[in-house]
Amino acid sequence: MKVLGISGSMRKGGNTTDLVNVILERCRVAGIETDFISLSGKKIHPCLGCEKCKEKKCCVIENDDWEKIINKVLDCDVLVIGSPTYYYDVCGHLKNFIDRTYSLYHDRRLAGRKGVAVSVQAHKGANRTIQTLEGFLSTHEFSSLGSVKGTGYHEGEVLADKDAVEKARKIGDKIVRLVNPRYK
Ligand SMILES: Cc1cc2nc3c(=O)[nH]c(=O)nc-3n(C[C@H](O)[C@H](O)[C@H](O)COP(=O)(O)O)c2cc1C
C-alpha cells in the first residue's frame, strides 16, 4: 500500500507540510510506504476550461509539473491532501492542481482510493477549506478516512495545536489498520 501526502502551500516547510507529515510519519513507523510532495516551487497552470480532456481523456496542458504529480496520485492507495486556509478556502495553487483533475473525472480514473483532507488556519476558515477538499475527494469517488483542521500562523506553530496533532496521529493509525487490522 502506498500513502501519498501533498501540501498545496507555497511554504515548503510550513504548517500544512507539518500536519500532513504527522499522518505520514505514523504510517512510516508502521512500515508503510509513503511519499510527500510540496507544491511549492512547482509550475501548475490553471485549467483552461477547453473541455478537450473529455475526448482526449487527459489534460492537454503539457509544459508544467502537473502530470508528474498526478501520476503519483494515480499510483497511490491513500491520498492525504492538505492546504493552508486562504480567505476561508484552499490556496490558489492547490486549486489549480485540483481543477486540472477534471481531465481524469470523465473516466473516474481516481476512483476507489481513500482520502484524508488536512487544513491549517491562523484563526478561522478551515471548515470551508476542508469542505472544498472533501468535495474534490468525493467527486472523484475517494472514500474518506477523515479530516484534520489545525491552527497556526507562523511556520511550525501548528505542531503546538495538540488536538490537531492527536487527530492527525489517529488518522495515521487508521490508515495503518487498512493493512494491519489489529494495529493499535
Ligand atoms: C493569502 C493568505 C490568506 C489567508 N487567509 C486566512 C484565512 O482566511 N483564515 C485564517 O485563519 N488564516 C488565513 N491565513 C493564514 C494561513 O492560513 C496560516 O498562516 C497557515 O498556517 C499557513 O499555512 P502554511 O504554513 O502551510 O502555508 C492566510 C494567509 C495568507 C498568506
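Student: Which pocket does the ligand take up?
Tutor: This is a predicted model, where local features need pLDDT of at least 70, side-chain atom pairs need 80 or more, and totals for chains, interfaces and linings use all residues. Residues are numbered from 1 along each chain, and side-chain values use heavy atoms, without hydrogens or water. A pocket is an open set of 1 Å grid points fitting a 1.4 Å probe, with protein on both sides within 12 Å along at least five of seven lines; lining residues have an atom within 4 Å of a point. The ligand, with more than half of its atoms within 2 Å of the grid points, takes the space of the largest pocket.

Student: Which elements give two or more residues to the shell around the ligand?
Tutor: Elements here are DSSP runs: helices (H or I) of at least four residues, strands (E) of at least two. One contributor is a helix spanning 15-29, the other a strand spanning 114-121. They are α1 and β4.

Student: How many residues surround the ligand?
Tutor: The shell takes residues with a heavy atom within 4 Å. Ser9, Thr16, His123, Lys124 and Gly152 are the closest. By class, the shell has 7 nonpolar, 8 polar and 2 charged residues. The total is 17.

Student: How far is a ligand oxygen from a polar backbone atom of valine 120?
Tutor: Polar contacts are N or O pairs within 3.5 Å. Side-chain N or O atoms of serine 9 and threonine 16 each lie 2.6 Å from a ligand oxygen. For the valine 120 backbone atom, the distance is 3.5 Å.

Student: What share of the ligand's exposed area does the protein bury?
Tutor: Areas follow Shrake-Rupley with a 1.4 Å probe. Alone, the ligand exposes 650 Å². The protein buries 79%.

Student: What is the volume of the largest pocket?
Tutor: Its lining has 17 residues; Thr85, Tyr86, Val120, Gln121 and Ala122 lie nearest the centre. Again, α1 and β4 each give two or more residues to that lining. Volume is the space filled by probe spheres on the grid points. The value is about 320 Å³.

Student: Which helix gives the most to the lining of the second largest pocket?
Tutor: That second largest pocket holds about 160 Å³. Of its 13 lining residues, Cys58, Cys59, Trp66, Glu67 and Arg109 are closest to the centre. The lining divides into 8 nonpolar, 1 polar and 4 charged residues. With 5 residues from 66-74, the top contributor is helix α3.

Note on methods. A polar contact is a pair of N or O atoms within 3.5 Å; within protein, one must be able to donate a hydrogen and the other to accept it, and residues adjacent in sequence count only if both atoms are side-chain atoms. Ala, Val, Leu, Ile, Met, Phe, Trp, Tyr, Cys and Pro count as nonpolar, Asp, Glu, Lys and Arg as charged, and the others, Gly among them, as polar.
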